[in-house]
Amino acid sequence: MDVLDIIKPENQVFCKTKLMTDTPLSYCPGCGHGTAHNLTMEVIDEMGIAEDTIGVAPVGCSVLAYDFMNIDMTQAAHGRAPAVATAISRCWPEKYVFTYQGDGDLAAIGTAETIHACNRGENIVIIFVNNGIYGMTGGQMAPTTLEGMKSSTSPYGREIATMGSPLKITELIANLPGVYYVTRQAVHTHKHARKAKKAIRKAFENIKLKKGISFVEIVSNCNSGWKMTPNDANVWMEENMFPYFQLGDIKVDGKLK
Amino acid sequence: MTEEIIIAGFGGQGVLSMGKILAYSGIMQDEEVSWMPSYGPEMRGGTANVTVILSDERISSPYLKIFDTAIILNQQSMDKFEETVKPGGFLIYDPNGITHHPTRTDIQIFQIEGNKLASEMGNKKIFNMIVLGGFLKIKPIVKLENVIEGIKKSLPERYHHLIPLNKEAIRKGMNSINPYKVEEQLQNT
Amino acid sequence: MSELKLMKGNEALAEAAIRCGADAYFGYPITPQTEVIEYLMTEQPEKRTGMVVLQAESELAAINMVYGAASTGKRVMTSSSSPGISLKLEGISYLAGAELPAVIVNVVRGGPGLGTIQPSQADYFQSVKGGGHGDYKLYVLAPSSVQEMSDFVEDAFDIAFKYRAPVLILSDGLIGQMMEKVYLKEQKERMSNEELIEKYGSWATTGKKGRERNIITSLDLQSEKMEARVHRLMKKYEQMEKEDLRYEKILCDDAEYLIVAYGSSARISQKAVELAREKGIKVGLLRPITLFPFPKKQLFELANQVKGILSVELNMGQMVEDVRLSVEFKVPVEHFGRTGGIIHTPEEILEALEQKIIK
């Protein structure tokens with residue numbers, strides 16, 4: 001088939017969702033953020049809710065999510081996205097409101113906002129990308145950094161005795177009665193990405209049903225911060241991150257698994 | 001007319017609400033009013049006081065150091081506020097629990113047995129209305145009907161059945177306030 | 001018809017928020033402003049007007065809820081007292097940077113630190129010089145009566161939306177806790193979502209129905225863009241100075257001496273002016289109603305007339321710096337104030353005037 005035939009609309013089998021802008025992603029090659037963005041936007045597109053969706057961007061690598069997600073977005077102060085989303089959802093109960101946050105934002109500086117928005121059962125979606133490190137500021141230790149894992153602020157590896165254990169905030173919030181759906185996914189392979197998209201879809205469906213908080217964690221890589229090639233980072237993630245942050249549903253329809 | 005009053009006693013004696021009713025009574029007859037309480041933890045069972053001002057004119061400072069009238073309901077307040085009465089002003093107090101009676105001779109002093117009378121009437125809570133009645137006898141700055149209107153405004157409706165009792169207490173207070181002569185007391189001792 | 005009531009400053013402010021058609025309030029308890037959220041929770045404005053009221057988990061959460069609601073064009077308010085306002089400053093800086101309208105109320109107590117719950121004006125610098133990080137200012141209204149606590153809520157919203165900027169109502173424990181009579185305005189209807197989208201759809205993040213998407217952010221990684229943003233803010237502040245300065249002159253026409261005071265200090269100073277005039281001393285009072293913008297020109301002109309100026313504040317000397325700058329050292333300017341929660345009396349103010357200015 002000639003190139004000119006291939007690009008004819010009737011021969012098209014896949015295209016980028018309109019809800020991703022043409023702005024080149026600022027993420028490092030191999031980073032999971034791009035896929036997580038894309039899946040979220042695909043879900044919103046497929047549900048036909050783009051005009052009624054308001055996203056809240058965090059501080060961290062995905063601070064510029066609003067440059068890539070082609071919907072109305074508000075950029076929140078570090079850690080405060082759940083509070084920002086709470087107010088938007090309370091003032092506009094018919095809208096689809098979600099936050100997109102990293103581990104430093106959600107599980108360190110924003111712990112209080114995360115827990116209390118979850119505890120109130122705000123009718124929002126939280127998408128939590130956990131790569132075990134502060135990427136934006138250049139690879140510092142995050143609350144989710146694994147034991148022994150090196151970062152620029154744990155150069156000899158995370159020491160539990162002095163730095164505490166990696167925080168499983170997802171399990172923590174799953175125990176709150178206001179939380180309806182909690183799942184942990186990954187996006188580094190097609191198979192994982194398809195599952196993650198289903199989870200994101202379910203989360204947004206829950207908003208429509210006014211079920212309260214839906215919380216989707218995506219365990220991801222940070223090859224720059226981890227100082228690895230993208231492929232090595234994915235292998236390392238499977239071998240080290242997944243055993244500690246186990247993939248799968250944690251709470252479904254308000255019931256713990 | 002401007003009347004600057006301090007009411008001081010224990011938290012729970014109805015100090016703040018007496019001030020509020022007085023202020024509301026002022027509003028009922030078109031006066032300018034202000035009500036400035038002491039606030040915070042000191043009120044939790046400790047001493048409470050409130051500055052109430054009624055005036056024909058715009059009230060400047062709601063916070064004052066000296067007063068036309070001090071209504072004093074416990075010893076701590078006596079110690080603190082006796083000296084704050086303007087020369088020629090009035091001090092009204094309930095002698096119940098007072099060990100150091102006022103000694104100033106440049107002001108007019110009155111006693112009202114609010115606690116005792118309230119017990120006799122079988123309702124401790126109307127203590128503050130008895131004292132208010134006493135004050136109004138000495139300083140009839142607001143009309144009784146406006147005080148009743150003030151009570152109506154200050155009390156939630158579920159307590160409106162208590163208005164006749166309050167009215168009775170005010171009258172009781174009006175008939176029960178007596179001058180206290182410092183000179184005579186000093187001579188007697 | 002307006003309604004006459006005897007109310008605390010904090011309650012009058014809360015009631016005014018409901019009546020002027022505010023959409024939301026987010027707050028956290030702290031003495032001496034807790035009556036605001038208590039009153040709102042008791043009144044259930046959700047039933048009266050549909051106004052959202054929520055007790056947040058912290059002042060940080062509360063101000064960021066304000067940020068969220070404001071980013072969608074809603075009329076939103078929060079209130080706190082000094083230590084709580086310190087916590088909110090990050091969010092206030094974001095509101096200024098992202099150019100969002102919001103009303104923030106500070107019922108000031110003494111500091112620094114946990115300080116005291118008694119009245120103070122020690123947050124003047126924090127209020128008028130920006131407070132949080134970055135190049136910004138707040139439009140600051142300083143009520144000095146319960147009536148103004150009520151009236152200034154709607155005024156504050158009007159300014160906030162005129163400039164798309166956060167507005168601060170700087171009160172204190174005295175004005176918040178005292179009761180006075182207050183004429184409450186009639187209930188206004190809240191703006192419908194349709195009308196809101198029509199009015200603020202050019203910037204608010206309400207969902208991109210029928211338009212290009214909107215983005216609310218205070219981030220500009222390109223320096224030129226950030227500089228342009230700050231210039232835009234400064235233009236607003238210049239316009240505020242030209243169009244929305246407010247002050248009150250009391251007995252200034254024949255004044256030989258001047259007291260400058262705002263809020264509760266202005267009330268007490270007014271009594272001091274009365275006492276001074278009884279003694280035959282011609283004293284006037286200039287009360288800045290807005291602390292930013294500040295009545296610089298008016299002070300400069302009064303400095304041609306008076307022999308000296310006393311800045312009376314419940315702090316150790318903050319506004320006095322602005323007074324000195326305004327009069328360009330034409331006449332002596334001194335400060336008098338008590339702090340730590342102690343309120344100066346009219347007599348003390350008069351004595352300070354006689355000792356420091358009249359001599």
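Two strands pair if DSSP finds at least two bridges between them. By that criterion, strand β2 (residues 72–75) of chain A and β9(C) pair in the parallel sense over two bridges, and A:Met73 stands opposite C:Ile215 in β9(C). The structure is a predicted model. Among the two pairs of chains that touch, chains A and C share the most contacts, whereas chain A and chain B do not touch.

**Contact between chains A and C**

- Chain C contributes 33 residues to this contact, and chain A contributes 29 residues.
- On the side of chain C that touches chain A, at least two residues come from each of β2 (24–27), β3 (52–55), α4 (59–71), α5 (82–97) and β9 (215–216) of chain C.
- With nine residues, α4(C) gives the most to that side of chain C.
- By class, the side of chain C that touches chain A comprises 15 nonpolar, eleven polar and seven charged residues.
- The strand pairing named at the outset belongs to these two chains: β2 of chain A runs parallel to β9(C).

**Contact between chains B and C**

- Here 18 residues of chain B meet 20 residues of chain C.
- Two elements of chain B, α1 and β2, give two or more residues to the side of chain B that touches chain C.
- The largest share of that side is held by β2(B), with five residues.
- Sorted by class, the side of chain B that touches chain C has eleven nonpolar, four polar and three charged residues.
- Strands β2(B) and β8(C) run antiparallel and are joined by two bridges.
- B:Trp35 has C:Met179 in β8(C) as its bridge partner.

**Chains A and B**

- The nearest C-alpha atoms of chain A and chain B are 28 Å apart, and the two chains do not touch.

**The nine-stranded sheet of chains B and C**

- An open sheet of nine strands has the order β7(B)-β6(B)-β5(B)-β4(B)-β1(B)-β3(B)-β2(B)-β8(C)-β1(C), with mixed pairing.
- Its edge strands are β7 (178–179) of chain B and β1 (3–8) of chain C, each of which pairs on one side only.
- Inside chain B, strand β4 (residues 67–72) and strand β5 (residues 85–93) pair in the parallel sense over five bridges.
- B:Leu91 in β5(B) is the bridge partner of B:Ala70.
- Helix α1 (residues 15–28) of chain B lies across β1 (2–10), β2 (32–37) and β3 (47–55) of chain B, together with β1 and β8 (179–184) of chain C.
- The direction of this helix, α1 of chain B, makes about 10 degrees with that of β3(B).

**The five-stranded sheet of chain C**

- Chain C also holds an open sheet of five strands in the order β10-β12-β11-β14-β15, with mixed pairing.
- The edge strands of this sheet are β10 (247–250) and β15 (333–336) of chain C, each pairing on one side only.
- On average, and with direction ignored, neighbouring strands of this sheet are turned by 20 degrees against each other.
- Strand β11 (residues 257–260) and strand β12 (residues 283–288) of chain C pair in the parallel sense over four bridges.
- C:Leu258 has C:Gly284 in β12(C) as its bridge partner.
- Helix α11 (residues 263–278) of chain C packs on the sheet, where it touches β10, β11, β12 and β14 (308–312) of chain C.
- The direction of α11 of chain C makes about 170 degrees with that of β12(C).

**Overall form of chain C**

- Chain C has 14 helices and 15 strands.
- Its radius of gyration is 21 Å, close to the 21 Å that the globule rule gives for 359 residues, so chain C is as compact as a globular protein of that length.
- The C-alpha trace of chain C spans about 70 × 50 × 40 Å along its principal axes.
- Buried residues make up 59% of the 359 residues of chain C.
- Of the contacts in chain C with a separation of 6 or more, 79% link residues 24 or more positions apart.

**Overall form of chain A**

- Chain A has eleven helices and ten strands.
- Its radius of gyration is 18 Å, close to the 18 Å expected from the globule rule for 257 residues, so chain A is as compact as a globular protein of that length.
- Taken along the principal axes, the C-alpha atoms of chain A fill a box of roughly 60 × 45 × 35 Å.
- Buried residues make up 53% of the 257 residues of chain A.
- Of the contacts in chain A with a separation of 6 or more, 68% link residues 24 or more positions apart.

How values were computed:
Residues are numbered from 1 along each chain as its sequence is written. Chains are lettered from A and ligands numbered from 1 in the order in which they are written. This is a predicted model: local features need pLDDT of at least 70, side-chain atom pairs count only at pLDDT 80 or more; totals for chains, interfaces and linings use all residues. Two residues are in contact if their C-beta atoms, placed from the backbone, lie within 7 Å. Ala, Val, Leu, Ile, Met, Phe, Trp, Tyr, Cys and Pro count as nonpolar, Asp, Glu, Lys and Arg as charged, and the others, Gly among them, as polar. The radius of gyration is taken over C-alpha atoms; the globule rule is 2.2 Å times the number of residues to the power 0.38. A residue is buried if 20 or more other C-beta atoms lie within 10 Å of its own, exposed if 12 or fewer, and partly exposed in between; C-beta atoms are placed from the backbone. Axes are lines fitted to C-alpha atoms, for helices over the stretch in contact, and angles run from 0 to 180 degrees between N-to-C directions.
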